[in-house]
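Here is a short note to help you find your way around, written as numbered points. Please keep the viewer open and follow along as you read.

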Amino acid sequence: MLLKVEGLCKSFKGKQVLKNVGFALHCGEILAIIGRSGSGKTTILRCINNLVKCDRGTIIVDGTVLCKDQQEEKSVYAKPAEMLQIRKKLGMVFQSFNLFPHMSVLENIIEAPVHVFGIARPEAEEKANALLAMLDLQDKTSAYPFELSGGQKQRVAIARACALNPLVMCLDEPTSALDPELREGIAVTIEKLAEQGMGILLITHDMAFAKRVAHRVIFMEAGQIIEEGSKEEFFDHVENEKIKKFVIG
Amino acid sequence: MIEYILKLIPAMLSGLEITLSIFSLTLLFSIPLGILVAVGRLSKLKPLVKVIEFYIWVMRGTPLLLQIIFIYFGLPIIGITFERFPAALIAFILNYTAYFGEIFRGGIASIDKGQYEAAKVLGFTSAQTFIRIILPQMIKIVLPSVANEVITLVKDTALVYVVGLGELLRSGKIASNRDASLVPLVMVGVFYLALTWVLTKLFQRIEKRYAYYQ
């Protein structure tokens, strides 16, 4: 198991946005978390990436505890050194990509390996070039983010997130900033990563995309998981009326 | 005429030396200090933020001339004395640090919060994030405002006459009074124009260097 989330709770200003959320992600699995805006799905991703601290709950990444539930008290988080090792195992692709605009494509990708993890520059460049080749961006090495299309930016963001060989890749609304015809491309990329053994955690409200790419689906509403199942179970045998409405649109 | 101009030049050059000393030392100190002030003002340390806000309010809310007078003529009353040059320089540094601090704060605040988040998930420490991601982007954003401030500084250096330092304008004024001639004042103007021209060109070049990305 690559990622385990248990009893995750989070409130913002008294409003509970996550209520006892739990799930697991396995090697090579593509798990889509779907639900309406405000259902709490992005907050899950932000908790896993430690961009927000959860109030309660346990998150374990490849056997290393990111945070641990303490019953009545707030969860205890890993120490900075451990946190850095956990970060290495997690890749994150933001909805708006968040590339560094003052760095070229190559620099964006090797920045963290070289300056945070102390990997030798030639080695980091070699890895980056391999990733760029895999993502069909080999001619964009020295381009700057402003010179790229939305789809290219996203692939650079994926390459950047892959540079440290993460075990879990998180993608926040990967289709929201793309033209519809680019969806198939990103679906193929995600499948490629999963085939290499990476666990993919995907947040989306794009049903067609989830149906196309996911192995397993979690449906969230008002901070809770209300349905979980394989893609077939989820899309072909929905019983919950609310989900039916959402899936059919 | 030419002879007269040549005769004036040595005095003006010694004035220019004072002007350039105040100018360059002020920049040398107030730009890094301004970055610290900006970071402090954006920090979560409430007391620090309050102190910095008060400092900026005083520095921007009172004339630089008053600040120079206060340090050179006022502080000795409570037993703190400075020579002319350090007194003027301290006033300039304190004043310009406040202005640069506000410019840098605006620059830092305008950078998307996604940049911090991207750095965080990649494992950057706060210091690494600031130095490698935020600072380079801030420089590009603040360049036009900094250029403006630097050119204002060139002209503000004339204020040090109040403590009796013989800067460029003062040397021109002395010669003009002595010889009942306009020429020294015109020459002073030409010197200032030349200085600001050089600085304008310099900033244009720096802005061009930063134009490689959007």
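1. Let's start on the surface of chain A, bearing in mind that this is a predicted model. A negative patch is formed there by A:Glu227, A:Glu232, A:Glu233, A:Asp236 and A:Glu239. Which helix gives the largest share of the negative patch? That is helix α8 of chain A, residues 231–236, with 3 residues. A:Glu233 is placed in this helix α8, and its relative accessible area of 47% makes A:Glu233 partly exposed. The cut-off for patch members is over 30% relative accessible area, so A:Glu233, at 47%, passes it.

2. Chain B has a surface patch of another kind, a nonpolar one. B:Leu169, B:Leu182, B:Leu185, B:Val186 and B:Val190 make it up, and together they have about 440 Å² of accessible area. Helix α8 of chain B, residues 183–209, gives the most to this patch, with 3 residues. B:Val186 is found in that helix; with a relative accessible area of 51%, B:Val186 is exposed. Exposed means over 50%, so B:Val186 meets the cut-off at 51%.

3. While you are looking at chain B, here is its overall build. The chain holds 8 helices and 0 strands, so there is nothing but α in the order of elements from the N terminus: α-α-α-α-α-α-α-α. The C-alpha trace spans about 70 × 50 × 20 Å along its principal axes. Of the 214 residues in chain B, 44% are buried. Among contacts in chain B with a separation of 6 or more, 76% are between residues 24 or more positions apart.

4. The outside of chain B deserves a word too. About 11700 Å² of chain B is exposed, and 69% of that comes from carbon and sulfur atoms. As for charge, chain B carries 20 positive and 12 negative side chains, and 7 Å separates the centres of the two sets.

5. Is helix α3 of chain A mostly covered or mostly open? Mostly covered: 9 of the 11 residues in this helix, which runs over residues 105–115, are buried. Among them are A:Val105, A:Leu106, A:Ile109, A:Ile110 and A:Val114, and also A:Asn108 and A:Glu111. The cover comes from both chains: it includes α4 (121–134) and α5 (150–162) of chain A, together with α6 (126–156) of chain B.

6. That helix also takes part in a link between the chains. A:Glu111 and B:Arg132 meet through their side chains in a salt bridge, at 2.3 Å from N to O. The pair crosses between chains, with B:Arg132 in helix α6 of chain B and A:Glu111 in helix α3 of chain A. A:Glu111 is buried, with a relative accessible area of 4%, whereas B:Arg132 is partly exposed at 30%.

7. The structure holds 21 salt bridges over all chains, and another one to look up is A:Arg46 with B:Glu117, where the closest N and O atoms are 2.5 Å apart. A:Arg46 lies in helix α1 (residues 41–48) of chain A and B:Glu117 in helix α5 (residues 113–121) of chain B, so this pair joins two chains. B:Glu117 counts as buried, at 12% relative accessibility.

8. Now for a salt bridge within chain A. The side chains of A:Glu184 and A:Arg212 meet at 2.9 Å, N to O. This pair links distant parts of the chain, 28 residues apart: A:Glu184 is in helix α6 (residues 183–195) and A:Arg212 in helix α7 (residues 207–213). Both partners are partly exposed, A:Glu184 at 41% relative accessibility and A:Arg212 at 29%. In chain B, salt bridges with shared partners join B:Arg41, B:Lys50, B:Glu53, B:Arg60, B:Glu102 and B:Arg105 into one network.

9. Finally, please check two backbone angles in chain A. A:Lys13 is not a glycine, yet its phi is positive, near 50°. A:Lys13 sits in the loop between β1 (3–12) and β2 (15–25) and is exposed, with a relative accessible area of 89%. A:Asp62, also not a glycine, has a positive phi of about 45°. The place of A:Asp62 is the loop between β4 (56–61) and β5 (64–70), and A:Asp62 counts as partly exposed at 33% relative accessibility.

Terms used
Residues numbered from 1 in each chain as written. Chains lettered and ligands numbered in written order. Predicted model: local features only at pLDDT ≥ 70, side-chain atom pairs only at ≥ 80, totals over all residues. Heavy atoms only, no water. Patch = residues over 30% accessible without salt bridge, like charges linked within 9 Å, V, L, I, M, F, W, Y side chains within 5 Å. Areas by Shrake-Rupley, 256 points an atom, 1.4 Å probe, with all protein chains shown as cover. Salt bridge = Lys/Arg side-chain N within 4 Å of Asp/Glu carboxyl O. Lys, Arg positive; Asp, Glu negative; His and termini not counted. Charge placed at Lys NZ, Arg CZ, Asp CG, Glu CD. Helix = DSSP H or I, 4+ residues; strand = E, 2+ residues; numbered from the N terminus. Buried < 20%, exposed > 50% of the residue type's maximum accessible area, 1.4 Å probe, protein only. Contact = heavy atoms within 4.5 Å.
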